Amino acid sequence: STQYSNQLSSPGGCLNQHLAKDNATLPNVLLIGVQKAGTSALSNWLKEVGGVCMSKVQPGEPSYYEKEAHYFDYFNTIGKKRKYDFDHSKIYARRFAHCCTGQSKTKSEILAMDATPATVLFPKSVRITFDSVDPTGELAKRAKFMIILREPISRELSFYNHYAYECRKKVQSAHMDTSGHNDTKSIKCSAKLWDSKMRRVKTFSEFMEDNTLINSRFAPEPDPLGRSSWRNMNRGLYADFLREWFELFDREQILVLSQEELVSDEGSFLNRVHSFLGLDSSIGNFHLKQVNAKDDGNKVKEVLCSDQEKLDQIFDPLNEDLYRLLEENSGPPMEQRPFQKFVKRNCTVEDG
């Protein structure tokens, strides 16, 4: 392990352009996940309070592409041969070129961040992208990665609630058919959430049976240069993901954060972040703003105890594996040690 340094760029170099072919401007900070663990709140805080530069939204893209460039997961969903060569890496880099123009900061202080939470699935693709821009590997060594981990069952329920809410919105706004009822045939909801036979949003129990339980085994990242193949693997397999990242990047480049600490001790959580990124400690006086809090009255607050028992059988050993991994592979000095163990949420006893 190399000695930790919060230096992200050498003096005079914006986003390490002096290392990159054609002065390409890859982001020097990646918030790689996980989904529904606070990535939006943290990225907004870093942008608004920390002055961190974000991706430039391209014409026709939704506004959230400022936070999430969706470069790595894009090539894994279009069903084509993945291209992480230099020409495609330059397309990604152009999203951050604006970060190096019109800035009052010295060039070496500029931070540019991609906070796409699906990036956790693609460590090999990230490494290949950085090495295509700088084959010496030095650019990859200077990148910094953050990941927020959340108690897996809570994360799973939050994921369900988020997409069930979006699905219900689509149902409500569907075109009315001739009988005056919602035309659910035209609904385009995720198959994970939508029961096409019953034409309704699945319950959490159904979602769990159809998705969580069957995707609970580790699936290695496919060859980034081969045919695209999405990893049908639950995002709660934290230790398995992290091992892949630890093999490709120095452990001290990766800050592992706890969503439970974010909730219970926001100050300590933010201190770890600004210390890791070399930001002014005064920004810790500004609190995070809650985002993505959507509730139309149908939000599931607690899982059934029978469902939780099934999920515990999967996640309990995985969580213990995570604690061992982090204990045996210490990270940057500001990382929480030992990692805060997840606290299980309450469950609801099924009627009858």
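This is a short conversation between a student and a tutor about a predicted model.

Student: What makes up the secondary structure of the chain?

Tutor: The chain has eleven helices and nine strands. Of its 352 residues, 53% are buried.

Student: Let's take helix H6. How do you know that its span agrees with its number of residues?

Tutor: Helix H6 covers residues 152–173, which is 22 residues. At 1.5 Å a residue, taken times one less than the number of residues, H6 should span 32 Å. The C-alpha atoms at its ends are 32 Å apart, so the value agrees with the expected one.

Student: Why is H6 called mostly covered?

Tutor: A residue is called buried when its relative accessible area is under 20%. In H6, 16 of the 22 residues are buried, hence the words "mostly covered".

Student: What makes the pair Glu151 and Ile153 a polar contact at the start of H6?

Tutor: The cut-off for N or O atoms is 3.5 Å. A side-chain oxygen of Glu151 comes to within 3.1 Å of the backbone nitrogen of Ile153, so the distance passes that test.

Student: Now the sheet. Why are E2 and E7 called edge strands?

Tutor: Five strands form an open, parallel sheet in the order E2-E3-E1-E4-E7. Strand E2 (53–54) and strand E7 (254–258) each pair on one side only, and that is what earns them the name.

Student: How do you know that E1 pairs with E3 and with E4?

Tutor: Pairing needs at least two bridges. E1 and strand E3 (residues 112–114) have two bridges, while E1 and E4 have four, so by this definition E1 pairs with each of them. To find these pairings in the structure, look for Leu30 opposite Asp114 in E3, and for Leu31 opposite Met146 in E4.

Student: And what joins E4 to E7?

Tutor: Five bridges join strand E4 (residues 144–149) to E7, and the two run parallel. Ile148 has Leu257 in E7 as its bridge partner.

Student: Why is E1 described as largely enclosed?

Tutor: Five of the five residues of strand E1 (residues 29–33) are buried, so the rest of the structure largely encloses this strand.

Student: Which residues have the most contacts inside the largest nonpolar core?

Tutor: They are Leu42, Leu46, Met146, Leu149 and Leu322, in a core of 95 residues. Helix H11 (residues 305–328) supplies the largest share of this core, eight residues. Leu46 touches several residues beyond four places away in sequence, among them Val52, Met113, Met146 and Leu277.

Methods
Residues are numbered from 1 along each chain as its sequence is written. This is a predicted model: local features need pLDDT of at least 70, side-chain atom pairs count only at pLDDT 80 or more; totals for chains, interfaces and linings use all residues. Side-chain values use heavy atoms; hydrogens and water are left out. Buried means under 20% relative accessible area, exposed over 50%, partly exposed in between (1.4 Å probe, protein chains only). A polar contact is a pair of N or O atoms within 3.5 Å; within protein, one must be able to donate a hydrogen and the other to accept it, and residues adjacent in sequence count only if both atoms are side-chain atoms. A nonpolar core is a set of buried Ala, Val, Leu, Ile, Met, Phe, Trp, Tyr and Cys residues joined through side-chain atoms within 4.5 Å. Contact means heavy atoms within 4.5 Å.
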